[in-house]
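I opened this notebook to record a set of look-ups in one structure. The entries follow the order in which I made them.

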Amino acid sequence: MTDPEAIETVVVKTDEIVTALEASQRGTETVLRVTAPFSARMRARLHVEQPGDGDDDAQLLLSPHVLLDDDCPSLPTSDETAERLRSRSDEQYSVEHHRETHEAALEEWRSTVPDHVVDAVELPAAGGAVSVALLSAVDRE
């Protein structure tokens with residue numbers, strides 16, 4: 001079916017939402033894509049946007065931002081981590097400590113993003129709101 005109004009639920013992997021959001025915030029526009037034939041329950045997959053994608057009626061592109069609530073934190077930057085480390089009087093700054101602290105901040109951020117996924121999203125091409133269902137690693141076992 002080529003009519004996106006058939007879609008009632010979009011299923012997406014939590015790690016793909018995190019990856020799309022992180023890539024987009026780093027400058028590579030990455031979305032979750034649903035492709036025809038459309039049915040009531042559709043799986044959205046990770047996709048790096050390409051020129052002309054918006055002109056293709058056989059696909060719906062979902063920005064990771066529309067799948068998340070407004071309280072979702074932004075990707076921590078290396079500069080923010082460095083500034084936070086340098087502002088602490090009880091710790092001495094080092095490149096290695098900065099790297100370790102920033103990696104920990106990224107992992108913490110990645111683990112919190114799924115908590116901000118919305119239950120439903122408006123998809124004008126689908127004729128209104130559709131449910132959003134998360135597919136986690138546990139669901140795939």
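Entry 1, the end of a helix. I began at Gly 27, which follows α1 and has a positive phi, near 115 degrees. I note for this and every later entry that the model is predicted.

Entry 2, the length of α1. I compared the end-to-end distance of α1 with the span expected of a helix. At 1.5 Å a residue, its 12 residues should span 16 Å, and I found the end C-alpha atoms 17 Å apart, which agrees.

Entry 3, burial of α1. How many of the 12 residues of α1 are buried? I counted 9, so the helix is mostly covered, burial being taken as under 20% relative accessible area. The buried residues are Thr 14, Glu 16, Ile 17, Val 18, Ala 20, Leu 21, Glu 22, Ala 23 and Ser 24. I then looked up what they pack against, and the elements are β1, β2, β3, β4 (45–48), α3 and β7.

Entry 4, Glu 22. Is Glu 22, in helix α1 (residues 14–25), buried or exposed? Its relative accessibility is 12%, and because the limit for burial is 20%, I recorded Glu 22 as buried. Leaving out residues up to four places away in sequence, I found Glu 22 touching Leu 75, Trp 109 and Arg 110.

Entry 5, Thr 28. I next moved to the loop between α1 and β2 (30–35), where Thr 28 is found. Its relative accessible area is 41%, and because this lies between 20% and 50%, I entered Thr 28 as partly exposed. Beyond its neighbours within four places in sequence, Thr 28 is in contact with Ala 23 and Val 48. Thr 28 and Val 48 are 20 residues apart in sequence, yet I read a C-alpha to C-alpha distance of 7.2 Å.

Entry 6, the sheet. I traced an open sheet of 3 strands in the order β4-β2-β5, with antiparallel pairing. Its edge strands are β4 and β5, each of which pairs on one side only. From one strand to the next, I read an average twist of 45 degrees. Between the antiparallel strands β2 and β4 I found 4 bridges. In one pairing that I looked up, Leu 32 has Leu 46 in β4 as its bridge partner. I also noted that α1 packs on the sheet, where it touches β2 and β4, and that the direction of α1 makes about 135 degrees with that of β2.

Entry 7, a cis peptide. Which residues does the cis peptide bond join? I located it between Ala 36 and Pro 37, with omega about 5 degrees. Pro 37 lies in the loop between β2 and β3 (41–43).

Entry 8, the nonpolar core. I went through the largest nonpolar core, which holds 27 residues; those touching the most other members are Ile 7, Val 10, Val 34, Val 113 and Leu 123. Two or more residues each come from β1 (9–13), α1, β2, β5 (59–62), α3 (95–112), β6 (120–123) and β7 (128–135). Which element gives the most to this core? I found that α1 does, with 4 residues.

Entry 9, Val 113. I closed with the contacts of Val 113, again leaving aside neighbours within four places in sequence. Val 113 is in contact with Ile 17, Val 18 and Leu 21, and also with Leu 68 and Cys 72. I had already listed Ile 17, Val 18 and Leu 21 among the buried residues of α1.

Technical notes
Residues numbered from 1 in each chain as written. Predicted model: local features only at pLDDT ≥ 70, side-chain atom pairs only at ≥ 80, totals over all residues. Heavy atoms only, no water. Buried < 20%, exposed > 50% of the residue type's maximum accessible area, 1.4 Å probe, protein only. Contact = heavy atoms within 4.5 Å. Core = buried A, V, L, I, M, F, W, Y, C linked by side-chain atoms within 4.5 Å. Expected span 1.5 Å × (residues − 1). Pairing = 2+ DSSP bridges. Axes fitted to C-alpha atoms, helices over the stretch in contact; angles between N-to-C directions.
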